[in-house]
Amino acid sequence: MADRLAQFAARPAWVRLGFLACSGVLAGLGQAPFDLWPATLLALCALFVIYPISQTPRQAALHVWAFGFGYFAFSLRWIIEPFLVDIARHGWMAPFALVLMGAGAALFWAAAAWIAARLAPGRAAMLGLLLVGAEVLRSLILTGFPWALLGHVWITTWLGQVAAFGGPHLLSLLTVLCGLALALLITRARILGLVALGLVLALSVALRPGPVLSPTDGAPVVRLVQPNAPQHQKWDPAYSDVFLSRLLESSREGDVPDLVVWPETAIAYLLNHIEDDMRFLSDAARGAPLVFGIQRLDTDANAYNSLVVLGPDGDVKSIYDKRHLVPFGEYMPGARLLGQLGATGLARNLGIGFTPGTLPGPVDLPGVGPAVPLICYEGIFAEEITYGDTRPRLLLLITNDAWFGKAAGPHQHLAQAQLRAIEQGLPMVRVANTGISAMIDAKGRIVAAIPLGVDGAIDVLLPPALAATPYSRWGDAPVLALLLLLIMAAYLAVRHD
């Protein structure tokens, strides 16, 4: 192995960087929709085996940056889709968005490699731990972007249940430890590597979730309604009533459910324009409370992306305004200056964007119970799901994934919804404009779903909620403390040597 690594180190820089970038692409196969977690572990193993050939912190950072660029450019390839909705206006930005997103996210990993090389030269364990730290920072800095975290490769496996104890960052730590264990198997400490992998396997078996949780007697029936409005038609006045009619017709059919849920911005009108008479909406729900997404303006003309709970008499029971907005999509950083320059972002139908809401959930769903409201992007932030002293009955997420086409984006967004259910021990009702709409149980399993690109509705019994999970009580603090202790231990071990 040492001879082969020496030969690899002697290769031209472009060969080394190209190999590492391809290894990063291989690692990305662990993300939805492929879910090939062994590919991620093998790629990380290759990274950890190759990393010690780096002769300087700068070279270490460059090597890991190349790996990260391949990983993020492949995993986040859906980022080009929003720019293709209005291709004449935004299409030219698509390749730049992909390259900049991949390169920028990889900088977090490059910084981790540089620090690792300074603290513990050649020690893959230090690199692995600092990669997890980089994933934590990527989740928080500049409003955060915790998408395609290393730990997300476990969501659909038994190990995904670890999230109930430590959230996404404990899953990322497990991913790195498995990669390090594989590296030990092919280098020198084979017994230690086998023991580590055996412990992970035992943990996986111990956490197997068992059968799908059966609804309790009297569980409410929830109707998920998916209109399938393509993004390029969604705000076209010629189609507004077409998609609204689909929603109304699907809500009127069959037996009356206990709750009807429509997706984000389901209605292509301002709430201000219809709030005086919304009986046509409540009539379609036939006495059941109706949840729908819509945009609204306040008295100061501030725009909000909102979730409305409508009662049986057409009266508004609750309004939740989206709090965590998408930069450059729902608002423009430095909006006043950029607006003067003509830059309005992708969500330009209300000028320079939305105003963030200030009031957290839960919202009360009559006959169902309190629900944590989430609108689209908010569903990817595990640490932001809060609800005070009263434990809610469910998580309620409405979204419009039509921006992201029909490839990786909607599947990865759905996987994160499954992870939120595991973390909180709560079922999730997820309704998407073009799919995938799904009922998810408190173990993160999809009970029923409407696939991508179809319109229709399904009635599903709401699965039971579980007892509060450790993660719902303590959040990320225990895992961050553990990570810090492990980094300190790795550093002291180097000093001792």
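In this predicted model, strand 10 (residues 437-440) turns Ser437 and Met439 one way and Ala438 and Ile440 the other, and all of these residues are buried. In a regular strand the side chains alternate between the two faces of the sheet.

Strand 10 has a partner in strand 9 (residues 428-432), to which three bridges join it in an antiparallel arrangement. Within this pairing, methionine 428 has isoleucine 440 as its bridge partner in strand 10. Four residues lie between the strands in the hairpin of strand 9 and strand 10, where glycine 435 adopts a positive phi near 105°. Strand 10 also pairs with strand 11 (residues 446-450), again in the antiparallel sense, over four bridges. Here alanine 438 is matched with its bridge partner alanine 449 in strand 11. The hairpin of strand 10 and strand 11 has five residues between the strands, and glycine 444 takes a positive phi near 85° in it.

Another group of strands makes up an open sheet. Its six strands follow the order 5-4-3-2-1-12, with mixed pairing. At the edges are strand 5 (316-321) and strand 12, each of which pairs on one side only. From one strand to the next the twist averages 30°. Strand 3 (residues 290-297) and strand 4 (residues 303-310) are antiparallel and share eight bridges; isoleucine 294 stands opposite serine 306 of strand 4.

Helix 12 lies across strand 1, strand 2 and strand 12, and its direction is at about 155° to that of strand 1. The helix covers residues 237-252, 16 residues in total, and spans 24 Å from its first C-alpha to its last, close to the 22 Å expected at 1.5 Å a residue. Which residues of helix 12 are buried? They are Ser240, Phe243, Leu244, Leu247, Leu248, Ser250 and Ser251. These residues lie on the same side of helix 12 because they cover an arc of only 170° around its axis. Their packing partners are strand 1 (221-226), helix 11 (231-234), strand 2 (259-261), helix 14 (279-285) and strand 12 (456-461). Just after helix 12, glycine 254 has a positive phi of about 70°.

The next topic is the nonpolar cores. The largest one holds 75 residues, of which Phe48 and Trp109 touch the most other members. Helix 9 (residues 163-185) gives the most to this core, contributing 11 residues. Leaving aside residues up to four places away in sequence, phenylalanine 48 touches Ala124, Leu127, Gly128, Leu131, Val176, Gly179, Leu180 and Ala183. Another core, of 22 residues, lies apart from the largest one and has Tyr320, Val363, Val460 and Leu462 among its members.

Two further helical residues can be placed by their accessibility. Serine 204 belongs to helix 10 (residues 190-206). Is serine 204 buried or exposed? Its relative accessible area is 13%, so serine 204 counts as buried, the limit being under 20%. Serine 204 touches Trp158 and Leu159, again not counting residues up to four places away in sequence. Histidine 496 is found in helix 18 (residues 477-496). Histidine 496 is classed as exposed because its relative accessibility is 72%, where exposed means over 50%. From histidine 496 to alanine 408 the separation is 88 residues in sequence and 46 Å in space, C-alpha to C-alpha.

Conventions. Residues numbered from 1 in each chain as written. Predicted model: local features only at pLDDT ≥ 70, side-chain atom pairs only at ≥ 80, totals over all residues. Heavy atoms only, no water. Helix = DSSP H or I, 4+ residues; strand = E, 2+ residues; numbered from the N terminus. Expected span 1.5 Å × (residues − 1). Buried < 20%, exposed > 50% of the residue type's maximum accessible area, 1.4 Å probe, protein only. Arc of directions from axis to C-beta. Contact = heavy atoms within 4.5 Å. Pairing = 2+ DSSP bridges. Axes fitted to C-alpha atoms, helices over the stretch in contact; angles between N-to-C directions. Core = buried A, V, L, I, M, F, W, Y, C linked by side-chain atoms within 4.5 Å.
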